[in-house]
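Dear colleague,

I am passing on to you the structure that we agreed to look at together. Please open it beside this message and read the notes with it in view.

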Amino acid sequence: RMETRASALPLKNADELIDSVETFIFDCDGVIWKGDKLIDGVPQTLDMLRSRGKRLVFVTNNSTKSRKQYGKKFETLGLNVSEEEIFASSFAAAAYLKSINFPKEKKVYVIGEDGILKELELAGFQYLGGPEDGGKKIELKPGFLMEHDKNVGAVVVGFDRYFNYYKVQYGTLCVRENPGCLFIATNRDAVTHLTDAQEWAGGGSMVGAIAGSTQREPLVVGKPSTFMMDYLASKFGILKSQICMVGDRLDTDILFGQNGGCKTLLVLSGVTSLSMLQSPSNSILPDFYTNKISDFLSLKAT
Ligand code: PLP
Ligand code: CA
């Protein structure tokens, strides 16, 4: 939205925020968990919100798992969250293809891990590629030409720890040579926190390779693009002004909420520190910020 704020406010009265919306969208990494570790107080906070009748939705840009695999992760962490409440960018890619009636006789070339393959399969789409594709050095003899499937109508790119040059060339051929071939990115996160020891190249690095070779910009289905927000609003019949987006990252989560016209809450339990939020170089200001979502349990009006 165009409204500009001078600064983000520390959350003082959680009840007021909770009463002002009917749905909370929670980002996952940095809000619910950090890697495989549950963040303090999350189960109690989610229980409290449910007991107050709030709809809870979980949106992650991490495309490596399907919503079913995330369902298991929530369960393992002792959280009472169903698959249907989870919207990963892997699911978003399949949902997007469904939304445009992508032809079932066409194929999807996947640069990414298992989550995307599982979601495409569940949605009934034919695909090729995936983690195991390519992997050997391409030997170039005179006249050598890489064949590609002319029936590929979409290339979906997400985070891929098996990324290689074969995949770049294959995806590039599909996008450049198949008429009308779509170029879809699950997300463009620049870096991600695979371990707490350093920042790791994120999904944006794989997407950038294909953008670089094709000179095309992808259609992004994950945060901060509006696709998932529109999808959720229409699926649940909710007004975006009745949503609070809660996340730890400014350029994905908070922007996602703002692009959707939602209320936004930044939590400092993930990758953004208070000094990053308040830095003069940051222009993305949430409505509120607080340390962690369990602050909802203690921040009462005085
Ligand atoms: N992409 C990858 C590969 C990740 O590992 C993560 C976080 O773990 C993310 C994206 C960001 O996930 P989220 O949107 O839940 O913060
Ligand atoms: Ca996050």
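The notes below go through the sheet, the helices, the calcium site and one glycine in turn.

Please keep in mind throughout that this is a predicted model.

The sheet

The chain forms an open sheet of 7 strands, paired in parallel, and their order across the sheet is 1-16-15-14-2-5-6. At the edges are strand 1 (9–10) and strand 6 (86–88); each has a single partner strand, so one side of each is left without a neighbour in the sheet. Further in, strand 2 (residues 23–27) runs parallel to strand 14 (residues 243–247), and 4 bridges join the two. You can find one of these pairings by selecting F24, whose bridge partner in strand 14 is C244.

Helices on the sheet

Two helices may be examined against strands 5 and 6. Helix 3 (residues 67–76) lies across strand 5 (55–60) and strand 6, and its direction is at about 125 degrees to strand 6. Helix 4 also packs on the sheet, where it touches strand 5 and strand 6, and makes about 80 degrees with the direction of strand 6.

Helix 4 has a helical partner as well. Its axis (residues 89–99) and that of helix 5 (residues 114–122) come within 8 Å and cross at roughly 35 degrees. The crossing is right-handed. On the helix 4 side the contact is made by S90, F91, A94 and L97, which meet G115, I116, E119 and L120 of helix 5. Sorted by class, these residues are 5 nonpolar, 2 polar and 1 charged.

The calcium site

Which residues coordinate the calcium ion (ligand 2)? They are D27, through two OD contacts, D29, through its O atom, and D248, through OD, at 2.2 to 3.0 Å. The spacing of these donor residues in sequence is D-x1-D-x218-D. The site thus links distant parts of the chain: D29 is in the loop between strand 2 and strand 3 (33–34), while D248 is in the loop between strand 14 and helix 9 (250–259), 219 residues apart. D248 is buried, with a relative accessible area of 3%, whereas D29 is partly exposed, at 31%.

A glycine in a loop

Finally, please locate G261 in the loop between helix 9 and strand 15 (263–267). G261 is partly exposed, with a relative accessible area of 30%. Apart from neighbours within four places in sequence, G261 is in contact with K240 and S241. Its C-alpha atom is separated by 9.5 Å from that of C244, 17 residues apart along the chain.

Yours sincerely

Terms used:
Residues numbered from 1 in each chain as written. Chains lettered and ligands numbered in written order. Predicted model: local features only at pLDDT ≥ 70, side-chain atom pairs only at ≥ 80, totals over all residues. Heavy atoms only, no water. Axes fitted to C-alpha atoms, helices over the stretch in contact; angles between N-to-C directions. Left-handed = near helix turned anticlockwise from the far one by under 90°. Contact = heavy atoms within 4.5 Å. Nonpolar A, V, L, I, M, F, W, Y, C, P; charged D, E, K, R; others polar. Pairing = 2+ DSSP bridges. Donors = N, O, S within 2.8 Å, 3.2 Å for Na, K, Ca; no water. Buried < 20%, exposed > 50% of the residue type's maximum accessible area, 1.4 Å probe, protein only.
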